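Biologist: I'm new to reading structures, and I'd like a close look at a single part of this one. Could you pick a strand, walk me around it slowly, and then show me how it fits into the rest?

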Amino acid sequence: MRSKELHRLMVNRELREVAAYSSRTLLEVLREDLGLPGTKHGCEVGECGTCTVLLDGQPALSCLLLPADLEGQHITTVEGMANGAELHPLQSAFADLGAAQCGYCTPGILMVAKALLEENPEPTRAQIEEALGGNLCRCTGYLKIFEAIELAAKTLHQEEHAHAG
Amino acid sequence: MPDKLNVVGQPLRKVDAAAKVAGRTIFADDVVLPNMLYAKLLRSTRPHARIINIEASAAETMEGVKSILLGSELPITFGILPVSQDEHTLAIDRVRYVGEPIVAVAAVDEETAEDAIRRITVEYEDLPPIMSIPDGVRATDDPIQAYAEQGNIHKTISFEFGETKSALEQSDLILDDTFFYQGNTHLPLEQHAAVAVYQPDGKLVLWSATQTPHYVHRALARVLEMPASRIQVIACPNGGGFGGKSDPFSHEIAVAKLAMKTGRPVKIALTREEVFYCHRGRHPVLMHSRLGLKKDGSITGMHFKTILDGGAYGSYGVASTYYTGALQTTTYHIPAYKFEGARLFTNKPPCGPKRGHGTPQPRFGMEIQLDKAAELLGVDPAELRLQNLVQPNSLTANWLTIRTIGLRRCIEKVIEASGWKSKFRKLPFGRGVGLACGCYLTGAGLPIYWNNMPQSGVQLKLDRSGLVTVFCGSTDIGQGSDSILAYIVGEILGIDPLHIRVVTGDTDLTPVDLGSYSSRVTLMTGNAAIQAAERARELLNDAVAAELKVPKDRLVAADNRIFDSEDSAKCVDFAKAVQLAEAKFGTIGTVGSYKPPASAAKYKGGGVGPSPTYSFSASVIELEVDPQTGIIRIEKVWIAHDIGRSINPMLVIGQVEGSVYMGLGEALMEEQEFRLGVHKTPSMLDYKSPTSMDMYSIETILIEEPDPVGPFGAKEVGQGPLLPMPPALCNAVYDAVRVRIDEIPVTPEKILRALKAKSQGKEGRFGPQSFPTIEYRDPMFILPPWSGGDGRSSAQPEYTRKGL
């Protein structure tokens, strides 16, 4: 008989305690044990990027991570992206430019984009392409996604400017 | 219809965009019900075998296992087409491909269900696997499917529209070419999933990642022997479809049966490997085309032959086979046309409809052959195409009705934008441009099962709060079909589309729409929505005219109000208008429906190809080929698409870019290959598809000539723009390095082999060398419209019996 293990995880700035089978990946624990189905899966073996979350701000594939290894790290999922009811500028840009067609790869791509813009607020097109190299999208042909990230970079820049001013 | 458009034509957000970017869309695998069980399938490890015995007792007694389902419990077959109801939910006595489901297990969690599956053993008696077109055409006395027409030949088709042999004999130039289009798969990011619950009141509910809830509804009723009125199918938003979720699937029926057996909700979520086995993707097609032209460039006739490698079951395959011959006639005038097609059963996952369904393959051959013809005639391939264009409001040789055709403008625009005239055959060695065109349906003219009911229905509920709810059976697979309904209703009622509630894809709540396939949704649901909304506006206008004492025909609906066009101060807001109408007429609800016009094609088999109207595309690709490595680098893609009118140009461009991406993926790298009966690449790492690093610049040009049958003039865009990609790429490769690659994907190896052959003085070509002999049936002879035909088959001229 398989047994469950107690994990203490910091998810979207909340401390969550959860009992889960030790074989369960972070992806499964988020979706099935913590009620956070916003993180999607496309392969569950680290090939498509769909399940990307942020670990201390860095993109990581939740299908390849075990919660036991993650105590003390900050996990961010798409559910933790908006500021209350207000969408993050990346989310708004994706909605405004049609960068989410079926929307299934979107949470993972948003996570990568968020990490990218935090590290590099004005990425070039080539840097965006490279950052997204591990995230498959079958609907858009990627171009609208690139454009949305560029738009969000501008918005964030203006917001920062407004704050500074 | 309003004169001035406020919503249609605007690049608005989709109605579901905010939910999607917030990760709040509920896809099928996000559905969680209390006390839910999890199911797994045991799948065949053999490509072709008899099942001798299934030993499941070790699994049955496992702690946490709640039910084990065997094929013998569901003896009734199903399938998407009435002519090929050949699938069992779980294999009973024979397996026909690696990955075919045999046993289903429901357990308290997924891990336990997986363990149980591992403890079940199947004893097989292997049969010789049939894995290729040459294998499939060979005679056999133990065919994969007993109902096949001859041996493993599932179905043959033969039509002749006009006396093709004599037409070809009058040509100055005849080209004979053989092409191969490799099979590939949809690869939606979302893996299939379904959840079923059998309620205490005897109703069954199924949530599924399906593009066609109506057909799943019918399949469940048939296999489970339950009245359809007690089954509810809810299509969750699909995480990508592309045709791969258009069949009823074994896992959907198995999970429903397990829910009935256990009395508990049951979920199944397939692994990526299992999605490869569901497949229903692009048929590998071997083609032979004989094309005749006069010296002046006019086409005299065409004889086109196809062989489709269908996989183990029927799926949409009979329709796919017809589609490999149906749309050759819709772009260039072909005075006489003969088509022979055949589909084979092989021991692979079944092929079916993928974006373009059966038409990208023949379009590939045809557009390359025209490029070759232009070169032999010494004319520009753009000019050759322009010279032969089909006329608007005309009939083709096979009796398809062409209404608007924006192809001339498409070609002219891409030629101009790409600088074609200064580049074609003028760029330095290693660099080239290629042109190709395409055409696709805006919805199949006929439903999949024969009936004369509407193909799409819409109901509107107008609430006195001012909320409008649109009910429609359509399924949003990412293309934006929910949004299209809201835009159209919002336009006609003058309200903000983002405040309209859209309820779709639920067989209990929404009127039937046949599904998200054949690029039918915008046209058919759109026309149904227009009818329903115009009926609602009549009621509102009646009530508002009485209230404001203004003649009805002066009322305008816009900006969430209804006002007098001559004095906009005389107005009521929308909610008030609904209240006035409700007081006058009672509860306000209207309906609309759509059925395509009758086809001019009256001959048997003429049901595949007709469409209310057709979209057209033209594309120029500029690329570089490294002659040392054979590696292709795409410089830029120009594509013009005849959309009729964009309901939302942002979504239209999104579909064009997605089609270009997917078409180039097929052209360059995507292929479904097998070795010793086993899928070689059933993973996202091994099955290569373009990444963000492979993308190229795309310039999209929309040609807007509103079509009289489209909603606000709109035609399709979800599939058509894929079609020019593979042939434009091959034509550009030829322009760059002067070798012909007559098959896709165009890998560096194939280019190098063709270059090597050329350097050795042989033909600079890579492609199939021969076309097997097949006993096609005697052709059905149909006189083309210009020869005095009436759309029916006529007496067979003697020569057609002997073949060409």
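Modeller: Let's start with strand 9 of chain B and work outwards from there. Keep in mind that this is a predicted model.

Strand 9 covers residues 193–198 of chain B, and six of its six residues are buried. To count as buried here, a residue needs 20 or more other C-beta atoms within 10 Å of its own. Now look at which way the residues point. A193(B), V195(B) and V197(B) point one way from the strand, while A194(B), A196(B) and Y198(B) point the other way. In a regular strand, side chains alternate between the two faces of the sheet. Both sets in strand 9 are buried.

Next, the neighbours. Strand 9 of chain B pairs with strand 10 (residues 204–208) of chain B in the antiparallel sense, over five bridges. Within that pairing, A196(B) has L206(B) as its bridge partner. The two strands make a hairpin with five residues between them. Find G202(B) in that turn: its phi is positive, at about 85°.

Strand 9 of chain B also pairs with strand 12 (residues 266–269) of chain B, again antiparallel, over four bridges. Here V195(B) is matched with K267(B). Strands of a sheet pair through backbone hydrogen bonds.

Hold on to A196(B), as it takes us to the core. The largest nonpolar core has 305 residues, and A196(B) is listed with A39(B), V105(B), V470(B), V489(B) and V733(B) as touching the most other members. Helix 15 (residues 521–548) of chain B gives the most to this core, with 13 residues. In soluble globular proteins, nonpolar side chains tend to be buried together.

A39(B) is a good one to click on. Leaving out residues up to four places away in sequence, A39(B) touches A104(B), V105(B), A106(B), A113(B), A254(B), V255(B), L258(B), V266(B), K267(B) and I268(B). You've met K267(B) already: that's the bridge partner of V195(B).

Now zoom out to the domains. Chain B is assigned domain 1 (35–127 + 189–240 + 245–278), domain 2 (157–185 + 281–445 + 602–766) and domain 3 (453–594). The centres of domain 1 and domain 3 of chain B, taken over C-alpha atoms, are separated by 39 Å. Their contact takes 15 residues from domain 1 and 14 residues from domain 3 of chain B. On the domain 1 side, helix 6 (213–224) and strand 11 (231–235) of chain B are the elements that give two or more residues. That side divides into six nonpolar, nine polar and no charged residues.

If you'd like another hairpin to set beside the one at strand 9, go to strand 23 (residues 561–564) and strand 24 (residues 567–573) of chain B. They pair in the antiparallel sense over four bridges, and R561(B) stands opposite D573(B). Two residues link these strands in the hairpin.

For a broader sheet, follow the strand order 32-8-13-14-15-7-34 in chain B: this is an open sheet of seven strands with mixed pairing. Strand 32 (743–744) and strand 34 (780–782) of chain B stand at the edges with a single partner strand each, so one side of each is left without a neighbour in the sheet. Inside that order, strand 8 (residues 173–181) and strand 13 (residues 285–293) of chain B pair in the antiparallel sense over nine bridges. One match to look for is L173(B) with L293(B). Helix 10 (residues 360–377) of chain B lies across strand 8, strand 13, strand 14 (299–309) and strand 32 of chain B, and runs at about 145° to strand 8.

Last stop: the other chain. The contact between the chains takes 43 residues from chain B and 44 residues from chain A. On the chain B side, helix 1 (17–21) and helix 17 (649–668) each supply at least two residues. Helix 17 of chain B gives the largest share, seven residues. The chain B side divides into 19 nonpolar, 15 polar and nine charged residues.

Chain A itself is assigned domain 1 (4–80) and domain 2 (89–164), with C-alpha centres 22 Å apart.

Conventions
Residues numbered from 1 in each chain as written. Chains lettered and ligands numbered in written order. Predicted model: local features only at pLDDT ≥ 70, side-chain atom pairs only at ≥ 80, totals over all residues. Pairing = 2+ DSSP bridges. Contact = placed C-beta atoms within 7 Å. Axes fitted to C-alpha atoms, helices over the stretch in contact; angles between N-to-C directions. Nonpolar A, V, L, I, M, F, W, Y, C, P; charged D, E, K, R; others polar. Domains from an automatic or database assignment. Core = buried A, V, L, I, M, F, W, Y, C linked by C-beta atoms within 7 Å. Buried ≥ 20, exposed ≤ 12 C-beta atoms within 10 Å, placed from the backbone.
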